[in-house]
Amino acid sequence: MFGTCTALIIVLFAGAYLYNSNPSLFAQKPTIATVWKPKDVEAEFSSGNMPNNVKYGYQLISETPKYMGPMAKDTSMKYAGNNLACMNCHLKAGTQAGSASWIGVTNRYPKFSGRSNKMSTIENRINGCMERSMNGKKLPTGSRAMKAIVAYMEWLGKDMPKEKEKEYKGYAEISLPDTAVNLAEGKSLFAKECMVCHGQNGEGVKLTDSTKGYQYPPLWGADSYNNGAGMHRVITSAEFIKGNMPFGQATWNHPKLTDLEAYNLAGYINSFSRPLKENTQSDYPDKKQKPVSTPYGPWTDPFPPSQHALGPFPPIIKYYKERYQLVKTK
């Protein structure tokens, strides 16, 4: 016992000496941004190393129709109203920069939401997608499904260096033209760049196992996002298109399409009919907060509905700056 106590005292004194002389030995090594890269989600899933709640979250976002959409065997889990999967827009299971990636997203909440005019949680944001992009209904905040999706998002952002946060936030930026969308140009571009995947009528292509949804999602029509979705705004849609389309060819920092091409394509895609969300007039209680390309009213400006839908947008942006001292980018 005496020998053991003596050894412990020596170890403690040695540790104290090392800490005082070189504290960096005891510091957690930071993740180096230059070598950090997003998780290989499919490999992690296949390996069986995912925590159970993260695994369930991945299944929900990758096979949404099967687990919480129209194809769900459990009728109480039919929350999504279309057959899109969450990762049809949040590409590569939410890891692709420039596609509203989920890497680091939970670090940005709670934050103010103009749509509700109050502080919003990550759960609120997820339910915004459920009601709009998925044309469905809200997940209960405390449900297993909601907790799993949040756990998956947190898992994606674990150990991400601070300096990488901006890269994985939002979409690519575009320079807005001072013209309205040219629908004829958009149609021509769609035939050239988009039709091969999304179909002549924007109907998309389903996976071989149709319970899992689409390989290439429909861009309009009954099984697409509704008119209350952010992707139905031309500016947001153009930013997404610029940074990600054509799929597999473009990235946020190496786009294939020009800003004007992405803009005309976005307007063409959003000129078609799609499901209508109820009660959109209640969005943005402070109407001055409404994005300028929101295609449904009411607005607090004199511009016609056609201009809010298809531009030009710089005159609207200028109006809000001069009248309300608001600097709008969307």
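Here are four short exercises on this predicted model, each with a worked solution.

Residues are numbered from 1 along each chain as its sequence is written, and side-chain values use heavy atoms, with hydrogens and water left out. Because the model is predicted, local features need pLDDT of at least 70 and side-chain atom pairs count only at pLDDT 80 or more, while totals for chains, interfaces and linings use all residues.

**Exercise 1. Salt bridges**

Task: find how many salt bridges the whole structure has, then work through the one between Asp283 and Arg132.

Solution:
- Start with the rule: a salt bridge is a side-chain nitrogen of Lys or Arg within 4 Å of a carboxyl oxygen of Asp or Glu.
- Searching the whole structure with that rule turns up eight salt bridges.
- Now zoom in on Asp283 and Arg132, whose closest N and O atoms are 2.9 Å apart.
- Asp283 sits in the loop between α10 (259-269) and α11 (305-310), and Arg132 in the loop between α6 (122-131) and α7 (144-156), so the pair ties together parts that are 151 residues apart in sequence. (Helices are DSSP runs of H or I with at least four residues, strands are E runs with at least two, and both are numbered from the N terminus.)
- Check the surroundings: buried means under 20% relative accessible area, exposed over 50%, and partly exposed in between, using a 1.4 Å probe and protein chains only.
- Asp283 comes out at 5%, which is buried, and Arg132 is buried too, at 6%.

**Exercise 2. Two more pairs**

Task: sort the partners of the Glu167–Lys164 and Lys288–Asp286 salt bridges into buried or partly exposed.

Solution:
- For Glu167 and Lys164, the closest N and O atoms are 3.2 Å apart. Glu167 is partly exposed at 25%, whereas Lys164 is buried at 18%.
- For Lys288 and Asp286, the closest N and O atoms are 3.0 Å apart. Lys288 has 26% relative accessibility and counts as partly exposed; Asp286, at 22%, is also partly exposed.

**Exercise 3. The shape of α8**

Task: compare the span of helix α8 (residues 183-198) with that of a straight helix, and look for a bend.

Solution:
- The expected span is 1.5 Å times one less than the number of residues.
- With 16 residues, α8 would reach 22 Å if straight, but its end C-alpha atoms are only 18 Å apart.
- Next, look at Lys192, where α8 bends by about 50 degrees. (The bend is the angle between axes fitted to the seven residues ending there and the seven starting there.)
- Then check both ends. At the start of α8, a side-chain oxygen of Asn182 comes within 3.1 Å of the backbone nitrogen of Ala184. Just past the helix, Gly199 has a positive phi of about 90 degrees.
- Finally, see what is tucked away: the buried residues of α8 include Leu189, Phe190 and Cys194. Their cover includes β4 (214-216) and α10.

**Exercise 4. Two buried helix residues**

Task: place Thr236 and Gly94 in their helices and list what they touch.

Solution:
- Thr236 belongs to helix α9 (residues 234-244) and is buried at 4%.
- Leaving out residues up to four places away in sequence, Thr236 touches Tyr171, Gly230, Met231 and Lys330. (Contact means heavy atoms within 4.5 Å.)
- Gly94 belongs to helix α5 (residues 91-94) and is buried at 0%.
- With neighbours within four places set aside, Gly94 is in contact with Ser101, Trp102, Ile103 and Leu156.
- One last distance: the C-alpha atoms of Gly94 and Tyr58 are 9.7 Å apart, with their positions 36 residues apart along the chain.

How values were computed. Polar contact = N/O pair within 3.5 Å; in protein donor to acceptor, adjacent residues only side chain to side chain.
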